[in-house]
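Hi,

Here is the structure I said I would pass on. Have a look at it first, and then read on for what turned up when I went through it.

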Amino acid sequence: MSVQVSISEQVLELTDDGPRLKGARCTGCGNHVFPAQTGCSRCAGASMEPARLGTEGTLWAWTVQGFPPKSPPFLGPNDPEAFKPYGVGYVTLNDELKVEGRLTESDPKILRAGMPMRLTVIPLYQDEQGRDVVTFAFEPIETGDPR
């Protein structure tokens, strides 16, 4: 197995216990944000502390990316001939906030609002050292066939 590195240490931490998203929490009002920022979008406070976000949540809304994204800013392969559609959705983590991210599932017959999801990583590309550069994604938690 190839060595994995995070696409951004400020966004995604790879730990022995699995991937973790790095956000922030306002010490004034308790609002969580992702990615981490220096000010609160709820109360406009400037007292933020680092916060590791939850790893499980529920799918709030989703769509399917049916064509290669423009590069830049997209860092993965974007060859139209090799492109495979993928799901993109908003996942509510621990009732703290909604995080937009890639989904490991793209079948509209399987995806549904309220579906339990878990944080995972997927490879985007290999860097010059041959390491897999990974980004975060959400995968369905197996709860039986929804069909």
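**What I found**

Let me start with Thr92, which sits in strand β7. This is a predicted model, so please read everything below with that in mind. Thr92 has a relative accessibility of 17%, so it counts as buried, the cut-off being 20%. Setting aside residues within four places in sequence, Thr92 is in contact with Glu56, Gly57, Thr58, Trp60, Leu97 and Lys98. Two of those partners turn up together again: Lys98 lies over the face of Trp60, 4.7 Å from the ring centre. There is another charge over a ring, with the charged end of Arg102 placed 3.6 Å from the centre of the Tyr86 ring.

Now the overall picture. The protein chain has ten strands and zero helices, so if you list its elements from the N terminus you just get β-β-β-β-β-β-β-β-β-β. Its radius of gyration is 16 Å, and a compact globule with 147 residues would come out near 15 Å, so the two agree. Along the principal axes, the C-alpha atoms fill a box of roughly 50 × 45 × 30 Å. Of the 147 residues, 38% are buried. Take the contacts between residues at least 6 apart in sequence, and 52% of them join residues at least 24 apart.

One piece of the strand layout is easy to pick out on screen. β2 (residues 12-15) and β3 (residues 18-26) pair in the antiparallel sense, over four bridges. They make a hairpin with two residues between the strands, and Leu14 stands opposite Pro19 of β3.

On to the inside. Which residues have the most contacts within the largest nonpolar core? They are Leu21, Phe136 and Phe138, in a core of 19 residues. The elements giving two or more residues to this core are β7 (86-93), β8, β9 and β10 (132-140). There is also a second, separate core of five residues, and Ala24, Cys26, Val33 and Cys40 are among them. As general background, nonpolar side chains tend to be buried together in soluble globular proteins.

Phe136 deserves a closer look. It is buried, with a relative accessible area of 11%, and Phe138 is buried too, at 0%. Leaving out residues up to four places away in sequence, Phe136 touches a long list: Val11, Leu12, Leu21, Phe34, Val99, Glu100, Gly101, Arg102, Leu119, Thr120 and Val121.

The aromatic pairs come to three in total. One of them is Phe34 with Phe136, an edge-to-face pair with 5.6 Å between centres and 85° between the planes. Why does that pair tie together parts that are 102 residues apart in sequence? Because Phe34 lies in the loop between β4 (32-33) and β5 (48-52), while Phe136 is in strand β10. Phe136 and Phe138 have ring centres 6.1 Å apart and planes at 75°, so that pair is edge-to-face as well. Through ring pairs, Phe34, Phe136 and Phe138 are linked into a cluster.

The loop between β4 and β5 has a couple of backbone details you may want to check. Phe34 and Pro35 are joined by a cis peptide bond, with omega at about -5°, and Pro35 is found in that β4 to β5 loop. Ala44 is found in the loop between β4 and β5 too, and its phi is near 65°, a positive value in a residue that is not glycine. Is Ala44 buried or exposed? At 67% relative accessibility, Ala44 counts as exposed.

Last, Met115, in the loop between β8 (97-103) and β9 (116-126). Met115 has a relative accessibility of 4%, so it counts as buried. Not counting residues up to four places away in sequence, Met115 touches Gly57, Thr58, Leu59, Ile110 and Pro140. If you want a distance to try in your viewer, go from Met115 to Gly130: they are 15 residues apart in sequence and 35 Å apart in space, C-alpha to C-alpha.

That's the handover. Shout if anything is unclear.

Cheers

Definitions and conventions:
Residues are numbered from 1 along each chain as its sequence is written. This is a predicted model: local features need pLDDT of at least 70, side-chain atom pairs count only at pLDDT 80 or more; totals for chains, interfaces and linings use all residues. Side-chain values use heavy atoms; hydrogens and water are left out. Buried means under 20% relative accessible area, exposed over 50%, partly exposed in between (1.4 Å probe, protein chains only). Contact means heavy atoms within 4.5 Å. A nonpolar core is a set of buried Ala, Val, Leu, Ile, Met, Phe, Trp, Tyr and Cys residues joined through side-chain atoms within 4.5 Å. Rings of Phe, Tyr and Trp (its six-membered ring) pair if their centres lie within 6.5 Å; planes under 30 degrees apart count as stacked, over 60 as edge-to-face and the rest as tilted. A charge sits over a ring if NZ of Lys or CZ of Arg is within 6 Å of the ring centre and within 35 degrees of the ring normal. Two strands pair if DSSP finds at least two bridges between them. The radius of gyration is taken over C-alpha atoms; the globule rule is 2.2 Å times the number of residues to the power 0.38.
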